[in-house]
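Here is a short walk through one protein model. Have a look at the fold first, then we'll go through some of its residues.

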Amino acid sequence: KQWYQRRVRGVLNTYTNFNLNTKFELTMNKLLTIAGFGTMALGAAGSCIYNVDAGEAAIIFDKFAGVKSGVYGEGTHFKIPLIQDPVIFDIKSRPRSVPVTTGSKDLQTVNLTLRILFHRL
């Protein structure tokens with residue numbers, strides 16, 4: 001009789017511990033699954049968005065249609081991942097100083113510095 005009682009207690013203890021471990025494991029599996037899907041969703045959302053900073057402009061290159069018409073100014077814009085790629089250009093006006101030496105009617109030299117604002121192509 002003692003052997004039987006010890007055996008039943010051992011089986012019940014094992015079953016109870018197994019239930020607790022299984023519930024914990026199921027809960028952890030659900031949490032990890034939700035965290036994994038959340039991470040994938042954030043990654044997918046991040047790959048659909050691109051930023052154009054101040055002083056820049058962007059055009060979209062589509063792998064199927066080529067260069068799309070339209071220029072995108074500064075701000076946050078959407079694109080189709082793996083199909084569209086933004087190409088960002090710098091459109092700031094840049095100064096350039098050009099020193100010039102010239103002569104006057106009375107044969108004196110005059111030194112001038114011209115400041116030119118230009119856009120890069």
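A strand, as the word is used here, is a DSSP run of E with at least two residues, and strands are numbered from the N terminus. With that in hand, we can place Asp62: this residue sits in strand 2. Keep in mind that we're looking at a predicted model.

**Asp62 and its surroundings**

Is Asp62 buried or exposed? Asp62 counts as buried because its relative accessibility is 8%, and the cut-off for buried is under 20%. The Asp62 side chain reaches the backbone nitrogen of Phe64 at 3.0 Å. If you skip the neighbours within four places in sequence, Asp62 is in contact with Lys68, Ile83 and Gln84.

**The chain as a whole**

Stepping back, the protein chain has 1 helix and 7 strands. Reading along the sequence, you get the pattern α-β-β-β-β-β-β-β. Of the 121 residues in the protein chain, 8% are buried. The accessible surface of the chain adds up to about 10400 Å², and carbon and sulfur atoms own 62% of that. As for contacts in the chain with a separation of 6 or more, 42% of them are between residues 24 or more positions apart.

**The open sheet**

Now back to strand 2, which covers residues 56–62. How many strands form the open sheet with the order 3-2-5? There are 3 strands in this open sheet, and the pairing is antiparallel. Strand 3 and strand 5 are at the edges with a single partner strand each, so each of them has one side without a neighbour in the sheet. Strand 2 and strand 5 pair in the antiparallel sense over 7 bridges. To pick out one position, Ala58 has Ile88 as its bridge partner in strand 5.

**A nonpolar patch on the surface**

Strand 5 runs over residues 84–90 and includes Val87. Val87 is partly exposed, with a relative accessible area of 34%. Together with Phe61, Val67, Phe89 and Ile91, Val87 forms a nonpolar patch on the surface. The accessible area of the patch comes to about 430 Å². Why can Val87 be part of such a patch? Patch residues need over 30% relative accessible area and no salt bridge, so Val87 passes the area cut-off with its 34%.

**Three loop residues**

Ser69, Leu82 and Leu107 are worth a look too. Ser69 is in the loop that links strand 3 (66–67) to strand 4 (75–78). Ser69 and Ile59 are 10 residues apart along the chain, and their C-alpha atoms are separated by 7.8 Å. Leu82 is in the loop between strand 4 and strand 5, while Leu107 is in the loop between strand 6 (93–103) and strand 7 (109–119).

Here is how exposed they are:

| Residue | Relative accessible area | State |
|---|---|---|
| Ser69 | 71% | exposed |
| Leu82 | 74% | exposed |
| Leu107 | 78% | exposed |

The backbone is worth checking at the leucines. Most residues other than glycine have a negative phi. Leu82, though not a glycine, has a positive phi of about 70°. Leu107 isn't a glycine either, and has a positive phi of about 65°.

Note on methods. Residues numbered from 1 in each chain as written. Predicted model: local features only at pLDDT ≥ 70, side-chain atom pairs only at ≥ 80, totals over all residues. Heavy atoms only, no water. Helix = DSSP H or I, 4+ residues; strand = E, 2+ residues; numbered from the N terminus. Buried < 20%, exposed > 50% of the residue type's maximum accessible area, 1.4 Å probe, protein only. Patch = residues over 30% accessible without salt bridge, like charges linked within 9 Å, V, L, I, M, F, W, Y side chains within 5 Å. Areas by Shrake-Rupley, 256 points an atom, 1.4 Å probe, with all protein chains shown as cover. Salt bridge = Lys/Arg side-chain N within 4 Å of Asp/Glu carboxyl O. Pairing = 2+ DSSP bridges. Contact = heavy atoms within 4.5 Å. Polar contact = N/O pair within 3.5 Å; in protein donor to acceptor, adjacent residues only side chain to side chain.
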